[in-house]
Amino acid sequence: MVVHRHRGRLARFVVRKLLITLGLLLGVTVVTFLLVQLVPGDPTTTNLSESAQNDPAVVAAYRAKWGLDQPMVVQYLTYLGNLLQGDLGISQSTGNTVAGDLGRYVPATLEIALPAMTLSLVISVVVGMWAAVRKDRPADHTVRGVALVGLSTPSFWLAILALYVFFYVLGIAPNGGRLSVQYVPPDKITGMYTVDALLTGRPEVFWDAVAHLALPVLVLTCLTVSALIRFVRSAMLEVLDQDYVKAATAKGLSRWTVLRRHVLRAGLVQVVTVGGLAFASLLSGTVLIEQIYSWPGVGQYAYRAAVNLDLPAIMGVSLFVALVYTLVNLLVDLLYGVIDPRIRL
């Protein structure tokens, strides 16, 4: 009976969150559409050649093709109607559907974001807890100093430095891209080269893809760990000061048992929130990193869409980012109940 009641509460919570997510996405479409209209510049001058711009008939045909000659309200309602049918529009710069473009770029971003986030969480939790139990000792000061240096380091500088050292000086890493020129990409199953190479039985492609992943994942991990580790240390210190932790220590439990049973679980509730936001940030696009490593991810797609004033692509990327943040927020809320049963949905 209790199990059924809990499942009912969980189902209502998930439905409520999904409805809120739909409302947020609708709001995002309105705000994004209005902001795009305020962007200075005209898509016709960006996407048409100079000779075409001087031909009024060509300009009129272009504006009619993309609906730019319609009132703003009509343009928005048309966009919303197509969106409800799963149509994000046609990219003005690539000529492909925006959904198709995102389907090609999102797996590439996932391929660097997932390992970077996994490594970041493991390193930041272990080192952050280690620094917390050694508060104000040399080890704690060292961890805080290194994290501060990492936070102060510009991402593009770190990416270029890693490229110089590991590619130019040591010659042990490729200089960018997802695969060496001698290899053909594996048949698309997930869109992630490493996974698809394994699924299609091509180990040589898998290892080459892993080699290309190494530098962008290393740089993203360093940047994310620097941001997370100080928060983990602070969260763990807060838990260590709780009376129930001191009581557990006074009962004679070993330090490892106290950390594992009480400190880690309570501290992870806060870490999950920050980790979720960091993961959403990685997924929504790491423009500079993807540009430096010629990585065809969402960040690079968003950059090209903005440069070309590609309105459907800009709207599509904005919706994707909003969807990522709301889904990550939903996942974080659900994880609260798993990590700490005292939290009721």
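Colleague: In this predicted model, what follows H14, and what is the sign of its phi?

Modeller: Leu-309 comes after H14, and its phi is positive, near 50°.

Colleague: Which residues of helix H14 are called buried, and what makes a residue buried?

Modeller: Helix H14 spans residues 298-307, and its buried residues are Val-298, Gly-299, Gln-300, Tyr-301 and Ala-305. The word requires a relative accessible area under 20%, so each of these five residues falls under that limit.

Colleague: Why is Leu-288 called partly exposed?

Modeller: The relative accessible area of Leu-288 is 44%. Buried means under 20% and exposed means over 50%; the value lies in between, and therefore Leu-288 is partly exposed. This residue is found in helix H13, residues 287-292.

Colleague: What makes Leu-288 eligible for a nonpolar patch?

Modeller: A patch residue needs over 30% relative accessible area. Leu-288 has 44%, so this condition is met. The patch covers about 1100 Å², and its members include Leu-288, Phe-156, Trp-157 and Ile-172.

Colleague: Which helix gives the most to the nonpolar patch?

Modeller: Helix H8, residues 155-169, does so with eight residues.

Colleague: How do you know that empty space is left inside a structure?

Modeller: A probe the size of a water molecule is rolled over the atoms, and this shows where space remains. Here there is one cavity of 30 Å³ or more. The largest cavity holds about 50 Å³.

Colleague: What lines the largest cavity, by class?

Modeller: Its lining has six nonpolar, four polar and no charged residues. Among the lining residues are Pro-174, Asn-175, His-212 and Trp-295. Gly counts as polar, so Gly-176 and Gly-177 in the lining belong to the polar class.

Note on methods. Residues numbered from 1 in each chain as written. Predicted model: local features only at pLDDT ≥ 70, side-chain atom pairs only at ≥ 80, totals over all residues. Heavy atoms only, no water. Patch = residues over 30% accessible without salt bridge, like charges linked within 9 Å, V, L, I, M, F, W, Y side chains within 5 Å. Areas by Shrake-Rupley, 256 points an atom, 1.4 Å probe, with all protein chains shown as cover. Salt bridge = Lys/Arg side-chain N within 4 Å of Asp/Glu carboxyl O. Helix = DSSP H or I, 4+ residues; strand = E, 2+ residues; numbered from the N terminus. Buried < 20%, exposed > 50% of the residue type's maximum accessible area, 1.4 Å probe, protein only. 1 Å grid on protein atoms, 1.4 Å probe; cavity = no way out; pocket = protein on both sides within 12 Å on 5 of 7 lines; lining within 4 Å. Points joined across faces, edges and corners; volume = space filled by probe spheres on them.
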